Amino acid sequence: MPHAKGMSEALAEIARGANQRDLIDENPFDAMKLVREARLGALRLSPAEGGMGMSIRQLFGTVIDIAEADPVVAHILRVHYWFAEERLRSNDIAARSRWLAEIAAGKLFGNALTELGGAAIGSLQFKTSIVADRDGYRLNGTKFYCTGSLFSDYINVFAARGDNTIVSLVVPTHAPGVEMVDDWDGMGARKTGSGTTNFKNVRVESRDILLELDRDKPSPPTFEFAYLQLYLQAVMAGVMRSIVRDAITVLKTRDRSFSHALAPRPVDDPFLQEVVGELASATFAAEATILIAAEALEDARASVREGVPDPRLSQRASLCSAQAKVLVDRIAARAADQLFDVGGASSASRKKNLDRHWRAIRTLTLHNPTIYKAHYIGRHLIHGEDFPTNAYF
């Protein structure tokens, strides 16, 4: 079972190499080994199931801790924690027991959900497909933005079966026919393994199918998408903690100031002290907002009956998550920019790598546009309209 001491030691070790890994574009295989050894993937499982029994609120607080150590590692774990959450609320007892046992053993789950092409994002229009093959299926197709899969033991895949059915299934990362390509070239989240995964005639057992969806039927109420989106804000809050830490370090180690500054030493300059105070306050606000939104997720989770949550509480969770994004996206990006105000021209040195915070935050904000979030919040509050039900809202 994971324990607090092992977790803190693992995070400290992960943090020690994070800056250098980003600077030289190194994949965090060693860091993910520490994640497995500390079994950080099992935090939401009960102690009886081999986990720590964290609440959703506690988990999101821990995600902030992980992101402070290394946002790349935290981002890699995003779909894993979502996969675990979905198994915890599943009413398929056999599948639940099977996959939770794998998570308790330290196994990690990545994703292959998104495809490139002309289909609208979030529309469940997939070219990746499965076809019947004796007592199972064969999977073929190509996915992109497969965050975490490069470092995982299993991949959760969405694929089409026939004209109207979408299935969620699991395949081992090392199954014959699975090819992962490390070709993500983003300016941030550079080593999250978010590139291409090809599936070439991959064998899928019937028991590896998690669920089936009718593409033409309305989606049932859920809080899972709010969970996925709020997770990104938690990663940003961890980055904001690092910004505060680096701002203090930069200010304390600056030797020179300007002849027209308010103090001979930068560390004594009230203007620069004010910047640190603003950064710390913004970080506090971001964390508090995220944890309140996580409580709304907790309420929706507690309402689940036969795998389906109360639709009113799911809508509230979506509202809180969307509001958190609108706020945190803006204050996090501003914080990453303000960091350079305390450092002066020398803070732009590539060796200091302070731009990693802005790159990480700005890339995270792009997963779903903030402007659409604000728009739908307004529609919901003014007209009572439900929020979109897809993984990008």
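**View 1. Lys 325 reaches a backbone oxygen.** The side chain of Lys 325 comes to 3.0 Å from the backbone oxygen of Asn 368. The model shown here and in every view below is predicted. Lys 325 sits in helix α9. Is this lysine buried or exposed? Lys 325 has a relative accessible area of 1%, so it is buried; the cut-off for that label is under 20%. Leaving aside residues up to four places away in sequence, Lys 325 touches Gln 233, Thr 365, Asn 368, Pro 369, Thr 370 and Lys 373. Asn 368, whose backbone oxygen the side chain reaches, is thus one of the residues in this list of contacts.

**View 2. Ala 335 lies in helix α9.** This helix covers residues 311-338, and Ala 335 is part of it. Its relative accessibility is 2%, so Ala 335 counts as buried. Which residues does Ala 335 touch, not counting residues up to four places away in sequence? They are Met 240, Ile 243 and Leu 279. Take Met 240. In sequence, Ala 335 and Met 240 are 95 residues apart. In space, their C-alpha atoms are 7.0 Å apart.

**View 3. Domain 2 meets domain 3.** The domain assignment splits the chain into domain 1 (2-107), domain 2 (112-214) and domain 3 (223-383). This view takes the second and third of these. The C-alpha centres of domain 2 and domain 3 are 31 Å apart. At the interface, 5 residues of domain 2 are in contact with 6 residues of domain 3. Together the two domains bury about 450 Å² between them. Carbon and sulfur atoms carry 63% of that area. Which residues of domain 2 lose the most area to domain 3? They are Met 187, Gly 188 and Arg 190. Together these three make up 79% of what the domain 2 side buries.

**View 4. Polar contacts across the interface of domain 2 and domain 3.** How many residue pairs are in polar contact here? There are 2 such pairs across the interface. On the side of domain 2 that touches domain 3, the residues divide into 3 nonpolar, 1 polar and 1 charged. Salt bridges between domain 2 and domain 3 number 0.

**View 5. Asp 25 pairs with Arg 190.** The whole structure holds 36 salt bridges. One of them joins Asp 25 and Arg 190, with the closest N and O atoms 2.8 Å apart. The pair links distant parts of the chain, 165 residues apart. Asp 25 is in the loop between α1 (4-24) and α2 (29-37). Arg 190 is in the loop between β6 (178-181) and β7. Asp 25 is partly exposed, at 40% relative accessibility. Arg 190 is buried, with a relative accessible area of 18%.

**View 6. Glu 49 pairs with Arg 96.** Glu 49 and Arg 96 form a salt bridge, and their closest N and O atoms are 2.8 Å apart. Why does this pair tie together separate parts of the sequence? Glu 49 lies in the loop between α2 and α3 (56-69), while Arg 96 lies in helix α6 (residues 93-104), so the pair ties together parts 47 residues apart in sequence. Glu 49 has a relative accessible area of 26%, so it is partly exposed.

**View 7. Arg 98 pairs with Asp 208.** The closest N and O atoms of this salt bridge are 2.8 Å apart. Arg 98 is in helix α6, and Asp 208 is in the loop between β7 and β8 (209-214). The two residues are 110 residues apart, and the pair links distant parts of the chain. Arg 98 is partly exposed, with a relative accessible area of 22%. Asp 208 is buried, at 9% relative accessibility.

**View 8. Shared partners make a network.** Which residues are joined into one network by salt bridges that share partners? They are Asp 22, Asp 25, Arg 190, Arg 350, Asp 355 and Arg 359.

**View 9. Tyr 145 and Asn 201 have positive phi values.** Most residues other than glycine have a negative phi. Tyr 145 has a positive phi, near 55°. Tyr 145 lies in the loop between β3 (136-143) and β4 (154-161). Its relative accessible area is 39%, so Tyr 145 is partly exposed. Asn 201 also is not a glycine, and its phi is positive at about 55°. Asn 201 lies in strand β7 (residues 196-205). Asn 201 is partly exposed, with a relative accessible area of 42%.

Technical notes: Residues numbered from 1 in each chain as written. Predicted model: local features only at pLDDT ≥ 70, side-chain atom pairs only at ≥ 80, totals over all residues. Heavy atoms only, no water. Domains from an automatic or database assignment. Contact = heavy atoms within 4.5 Å. Buried area = accessible area lost by both parts, 1.4 Å probe. Salt bridge = Lys/Arg side-chain N within 4 Å of Asp/Glu carboxyl O. Polar contact = N/O pair within 3.5 Å; in protein donor to acceptor, adjacent residues only side chain to side chain. Nonpolar A, V, L, I, M, F, W, Y, C, P; charged D, E, K, R; others polar. Helix = DSSP H or I, 4+ residues; strand = E, 2+ residues; numbered from the N terminus. Buried < 20%, exposed > 50% of the residue type's maximum accessible area, 1.4 Å probe, protein only.
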